[in-house]
Amino acid sequence: MNESRNWKAVTEVHRVKVHRRRRAGQAMAELALSLPLLLGVLFIIIETTFAISSAATLHDAVHYGARILAQKDLTHEQTKAKVRDFLRNDRFIEIEKVKIRIREGTDFNGKDNVTVEAFLPVRPVTFTSMTEFNLRAKAVFRKEHRPPA
């Protein structure tokens, strides 16, 4: 009689061990299925953050360039150099790829204005199958006319 109770206890311990192994295997299978999805979402968040950061820096640089061109008598090349100097602070922007366009003209009221545009081609780092896209920033300022001193 005592022997059958021991056998029941051994069987119960064996059943618990098998159940634990099955649960561990199930958890590993669930992790194997969900991990690529979670990593994909994480990489998309990282890529989007880099793109937003670069777009904000590009916009700030163009705004700065248009403002100094409107206030001071600088050539277009000097303004482009100042915009590129501004962009040197961002290590994620490849300055040699940035295209800067400067135009001067008049608005509908006949006031002189300056337009500074910049284009930055961006290629995603983590998803190499994605195509390259352009970040674009544009700033328009009215040119100040100062009377000669």
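This tour moves through a predicted model of one protein chain, from the whole fold to a single residue and then to a pocket.

**The whole chain**

Begin with the entire chain in a cartoon view, where two helices and three strands can be picked out, and follow it from the start of the sequence to see the elements come in the order α-α-β-β-β. If you then switch on a surface, you are looking at an accessible area of about 11300 Å², of which 58% belongs to carbon and sulfur atoms. Of the 149 residues that make up the chain, 24% count as buried. Among the contacts with a separation of 6 or more, 50% are accounted for by residues 24 or more positions apart.

**The hairpin of S1 and S2**

Next select residues 99–106, which form strand S1, together with strand S2, and notice that these two strands pair in the antiparallel sense over eight bridges. For one example of this pairing, show Ile102 and look across to S2, where its bridge partner is Val116. Then move to the five residues that lie between the strands of this hairpin, and stop at Gly110, which takes a positive phi near 85°.

**Ser54 on helix H1**

Now select Ser54, which is found in helix H1, and ask whether this residue is buried or exposed. Ser54 counts as buried because its relative accessible area is 7%, and the cut-off for burial is under 20%. To see what surrounds Ser54, display Asp90, Phe92, Ile93, Leu120 and Leu135, each of which it touches when residues up to four places away in sequence are not counted.

**The largest pocket**

Which residues lie nearest the centre of the largest pocket? Select Glu47, Val122, Arg123, Pro124 and Val125 to find them, and then extend the selection outward, since the lining has 20 residues in total. The volume of this pocket is about 430 Å³.

With the lining in view, colour it by element: helix H1 (2–71), strand S2 (112–122) and strand S3 (133–142) each supply at least two of its residues, and the largest share, six residues, comes from H1. Colouring the lining by residue character instead divides it into 14 nonpolar, two polar and four charged residues.

As a last view, keep helix H1 and strand S2 on screen together, for both contribute to the lining of the largest pocket, while H1 also holds Ser54 and S2 also pairs with S1.

Methods:
Residues numbered from 1 in each chain as written. Predicted model: local features only at pLDDT ≥ 70, side-chain atom pairs only at ≥ 80, totals over all residues. Heavy atoms only, no water. 1 Å grid on protein atoms, 1.4 Å probe; cavity = no way out; pocket = protein on both sides within 12 Å on 5 of 7 lines; lining within 4 Å. Points joined across faces, edges and corners; volume = space filled by probe spheres on them. Helix = DSSP H or I, 4+ residues; strand = E, 2+ residues; numbered from the N terminus. Nonpolar A, V, L, I, M, F, W, Y, C, P; charged D, E, K, R; others polar. Buried < 20%, exposed > 50% of the residue type's maximum accessible area, 1.4 Å probe, protein only. Contact = heavy atoms within 4.5 Å. Areas by Shrake-Rupley, 256 points an atom, 1.4 Å probe, with all protein chains shown as cover. Pairing = 2+ DSSP bridges.
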